[in-house]
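Here is a short walk through a fold and its metal site. Have the structure open and follow along.

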Amino acid sequence: MFEPVKIAPSILSADFMNLARDIERIDQGGAGFIHVDVMDGHFVNNLTMGVPVVKQLKGVTEVPLDVHLMIDNPQKQLAWYLDAGADWVTVHAEVLTEAELRDVINQIHAAGAKAGVSVKPSTSLEVLKPVIDMVDMVLVMSVEPGFSGQSYIEGSDERVAEVVAMAREHGVSPLIEVDGGMNEKTVALVCAQGADVIVCGNAVCGAPDPALALQTIERIANDAQPKEQ
Ligand code: DX5
Ligand code: ZN
């Protein structure tokens, strides 16, 4: 049987002037992770938040911090995020050689954190093969990284199915996270294919009642999950 699906609200869609309030709301809603979208203005055009935010979040919530590094040269900044208290750190396969990716994963593990690897919608899933047995999570982007509030790219559910099949072939079962355009409709598509963790920006943090939105999406996700492995 699959583990229950967890929801990872992205604070990129939170009200930054009321961030503590928004964190409390998603905590109360039962968030499985708090997703922190770090963008550097290079790997993606947008620039968002960084180490100080991770550090302060760590002080106000018990929910594991799922830090999504949309940055070039993540190996140069990794230690800062680990020191700041990131529980999960995900890097993009597009910015690292295979050897660098292995080093980064080992460094994350050496710090006692969990390691994820992410692929953009147009990146070949082949890049995952050399590390699928090393990572704790594969993050399948279902929009081009850069902004919240974009529409789900059709066919991302098929990519989730391919990652599930690849993990099975290798005899491993990393969490499979989907990020971008997730809502009450699209979540069912990817969870039906075996997604375990769903990032929700606008659909949760942008909702009038974030806790209710989170719980509704979580229920739909779990209903859609395959019941047999
Ligand atoms: C996109 C980010 C996402 C984004 C999700 O580059 O990685 O985490 O904030 O936002 P929604 O759910 O609104 O697409
Ligand atoms: Zn993200």
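Two strands count as paired here if DSSP finds at least two bridges between them. Keep in mind that this is a predicted model.

## The sheet

Let's start with the overall layout. Eight strands make up an open sheet, and going across you meet them in the order S1-S8-S7-S6-S5-S4-S3-S2, with parallel pairing. Strand S1 (6–9) and S2 are at the edges with a single partner strand each, so one side of each has no neighbour in the sheet. On average, neighbouring strands of this sheet are turned by 25° against each other, direction ignored.

In general, strands of a sheet pair through backbone hydrogen bonds, either parallel or antiparallel.

## S2 and its partner

S2 may sit at an edge of the sheet, but what about burial? Six of the six residues of S2 are buried, so the rest of the structure largely encloses this strand. Ile34, Val36 and Val38 point one way from S2, while His35, Asp37 and Met39 point the other way. As a rule, side chains in a regular strand alternate between the two faces of the sheet.

Next door is strand S3 (residues 65–70), which runs parallel to S2 and is joined to it by six bridges. Within that pairing, isoleucine 34 has leucine 65 in S3 as its bridge partner. To get from S2 to S3 the chain passes through helix H2 (residues 51–60), and this β-α-β crossover is right-handed.

## The zinc site

Which residues coordinate the zinc ion (ligand 2)? They are His35 (through NE2), Asp37 (OD), His68 (ND1) and Asp179 (OD), at 2.0 to 2.3 Å. The six donor atoms around the zinc ion (ligand 2) subtend angles of 68 to 167°, which makes the arrangement octahedral. For reference, the ideal angles for six octahedral donors are 90 or 180 degrees.

Along the sequence, the donor residues of the zinc ion (ligand 2) follow the spacing H-x1-D-x30-H-x110-D. Aspartate 37 belongs to strand S2 (residues 34–39) and aspartate 179 to strand S7 (residues 175–179), so this pair ties together parts that are 142 residues apart in sequence. Aspartate 37 counts as buried at 5% relative accessibility, and aspartate 179 counts as buried at 8%.

## Around S7

S7 pairs with strand S8 (residues 197–200) in the parallel sense, over three bridges. Helix H5 (residues 156–169) lies across strand S5 (114–119), strand S6 (137–141) and S7, and runs at about 160° to S6.

Valine 178 is a handy residue to click on in strand S7. Its relative accessible area is 0%, so valine 178 is buried. The bridge partner of valine 178 in S8 is isoleucine 198. Leaving aside neighbours within four places in sequence, the contacts of valine 178 include Val140, Ser142, Val160 and Val190. The C-alpha atoms of valine 178 and valine 138 are 8.5 Å apart, with their positions 40 residues apart along the chain.

## A look at S4

Threonine 90 has its place in strand S4 (residues 88–92). Is threonine 90 buried or exposed? With 1% relative accessibility, threonine 90 counts as buried. Again setting aside neighbours within four places in sequence, threonine 90 is in contact with Asp66, Val67, His68, Leu69, Gly116, Val117, Ser118, Met137 and Leu139. One of these contacts, His68, is also a donor residue of the zinc ion (ligand 2).

Key. Residues numbered from 1 in each chain as written. Chains lettered and ligands numbered in written order. Predicted model: local features only at pLDDT ≥ 70, side-chain atom pairs only at ≥ 80, totals over all residues. Heavy atoms only, no water. Donors = N, O, S within 2.8 Å, 3.2 Å for Na, K, Ca; no water. Tetrahedral: all angles 85-135°; square planar, octahedral: opposite > 155°, others 65-115°. Helix = DSSP H or I, 4+ residues; strand = E, 2+ residues; numbered from the N terminus. Buried < 20%, exposed > 50% of the residue type's maximum accessible area, 1.4 Å probe, protein only. Axes fitted to C-alpha atoms, helices over the stretch in contact; angles between N-to-C directions. Contact = heavy atoms within 4.5 Å. Right-handed = clockwise from strand over helix to strand, strands pointing away.
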